[in-house]
2 protein chains.
Amino acid sequence: MPVLISTGVSARHIHLSPEHLEALFGQDYALTPKRELSIPGQYLCKERLRIEGPKGSMDNVAIIGPTRFRTQIEITSSDGIKLGVNPPIRLSGDLDGSEPVTLVGPKGKLELDEGLIVAMRHIHMTEQNATELGFRHKDYAMVIVPGPRSLVFDHVVVRVSPENVATELHIDTDEANTASLKTGDKVNLLRINDKKIRIERLINMFDERQMKLIEACVANIVEEERRKVSQMEDILARLRN
Amino acid sequence: MPVLISTGVSARHIHLSPEHLEALFGQDYALTPKRELSIPGQYLCKERLRIEGPKGSMDNVAIIGPTRFRTQIEITSSDGIKLGVNPPIRLSGDLDGSEPVTLVGPKGKLELDEGLIVAMRHIHMTEQNATELGFRHKDYAMVIVPGPRSLVFDHVVVRVSPENVATELHIDTDEANTASLKTGDKVNLLRINDKKIRIERLINMFDERQMKLIEACVANIVEEERRKVSQMEDILARLRN
């Protein structure tokens, strides 16, 4: 029943708006691509930034190009504890009311009111795979991770887009370390796409549905008996006449 | 079906042997208890140590007293990456061939050949709970974590001991951050203690067993039909005579 898909592990990184790029690196500055990423058009940049929070800071944080409409900083919950911040778990782009953070670049410092999140784990899915597997955009999937730290990720949001060239589970480094996963490792995607069916319910249903099936079968047998008895009575009545 | 149990989150910490305590803090040094832990007799110490690896170091690492037969250092996989080491995932006390590490104290530095591990998640279970729930020492359990980052921890080793005063899931900070759990949070322990039944198999069985049940029910109905037809034939034969 499960389908093998690849894993992509995201380290902490920053997407910059054109305005914030200039504020941190100077007027008309252009990012320098260093390496292409699995999502077409996205690249790791040579430039790095410093993140500062009330309790700590992190140097050499990666920037992902090209620039975006809004600045978005993705860290792990573990990073949040070190920085002394409490970023919400959000999908990319869902930034309203997210955590404030300070970015420090070679030409300036930015105190942002929002933009810091922990990326919600998700699956980038090709349109073809979505059709084949019966998933729609924003469905929730379940992913089974095998191995010595095996676990099941529940509530994995599916993101279907014509831009996706591969179906891939995207997790952060906290999740990767917890499950002993690295980029390229295979995991099992369950073909269950009902938002209401979560693991706990599934396991409970495991018993419930069996009971219901047995009840239904017993009801069938009783019905069948009644029909047979009724037929016998008809035959006997005819024979007696 | 599931049973609510409490969570205990372990931050990185060190257990010292009497010899290593002296090597790091000086002759006849005694650890200073700061706070009692949930496991009776164990306490957090005022003293702290520095851990050094080939790629980085960590200061102010907690020491758990009292001293133990062997020195054991428990860190997360994330810590391992920062230190540049690759500690195995092990149960407490299982230290043969574990990762080398350097400890630095106020009176000395120790280059250990082994002792560094990532603690395997486990459940401390009281003997009473073990009897009630049908678990034995070293069984594997499954734990469902509810909430926005809900997941199922598979292969959670059960440790039954007369010393345990509460049944508690013990995880490290990587696992806690991944599941958005903190000490005291409740999780659901599944009453499934068959080492061979893991989540994946359970989900597959969900369909397999239903098919088998339906087949069995159909077979029952067919058998019942045959019996009825045979009875009818007997009655008809007798009536005809």
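**View 1. Glu52(A) and its partner Lys109(A).** At 21% relative accessibility, Glu52(A) counts as partly exposed, because buried would mean under 20%. This is a predicted model, so every close-up here shows computed geometry. The side chain of Glu52(A) meets that of Lys109(A) in a salt bridge, with 3.5 Å from N to O. Glu52(A) sits in strand β4 (residues 43-52) of chain A and Lys109(A) in strand β9 (residues 108-119) of chain A, so the pair ties together parts that are 57 residues apart in sequence. Lys109(A), for its part, is exposed, with a relative accessible area of 52%.

**View 2. A salt bridge between Arg136(A) and Asp139(A).** Here the two side chains meet with 3.1 Å from N to O. Look at how the partners are placed: Arg136(A) is exposed, at a relative accessible area of 56%, whereas Asp139(A) is buried, at 2%.

**View 3. Asp94(B) with Arg90(B), and a network in chain A.** The closest N and O atoms of the salt bridge between Asp94(B) and Arg90(B) are 3.7 Å apart. Asp94(B) is partly exposed at 38% relative accessibility, while Arg90(B) counts as buried at 17%. Elsewhere, salt bridges with shared partners join Arg50(A), Glu52(A), Asp59(A) and Lys109(A) into one network. Over all chains, the structure holds 26 salt bridges.

**View 4. Helix α1 of chain B and its buried residues.** Find residues 18-25 of chain B, which make up helix α1; Leu21(B), Leu24(B) and Phe25(B) are buried there. Seen down the axis of α1(B), the buried residues fall within an arc of 80°, so they line one face of the helix. A general rule helps here: an α-helix has 3.6 residues a turn, so residues three or four places apart point the same way. Now follow the buried residues of α1(B) outwards: they pack against four strands of chain B, namely β4 (43-52), β5 (57-65), β8 (99-105) and β9 (108-119). After α1(B) comes Gly26(B), with a positive phi near 105°.

**View 5. Asp174(B) and its contacts in both chains.** Asp174(B) belongs to helix α4 (residues 173-178) of chain B. With 1% relative accessibility, Asp174(B) counts as buried. Which residues touch Asp174(B), leaving aside its neighbours within four places in sequence? From chain A, the contacts are Ser78(A), Asp174(A), Asn177(A) and Thr178(A); from chain B, they are Thr76(B), Ser77(B) and Ser78(B). Try finding Val9(B) too: Val9(B) and Asp174(B) are 165 residues apart in sequence, and 9.5 Å apart in space from C-alpha to C-alpha.

Terms used: Residues are numbered from 1 along each chain as its sequence is written. Chains are lettered from A and ligands numbered from 1 in the order in which they are written. This is a predicted model: local features need pLDDT of at least 70, side-chain atom pairs count only at pLDDT 80 or more; totals for chains, interfaces and linings use all residues. Side-chain values use heavy atoms; hydrogens and water are left out. Buried means under 20% relative accessible area, exposed over 50%, partly exposed in between (1.4 Å probe, protein chains only). Helices (H or I, at least four residues) and strands (E, at least two) are DSSP runs, numbered from the N terminus. The arc is that of the directions from the helix axis to the C-beta atoms. Contact means heavy atoms within 4.5 Å. A salt bridge is a side-chain nitrogen of Lys or Arg within 4 Å of a carboxyl oxygen of Asp or Glu.
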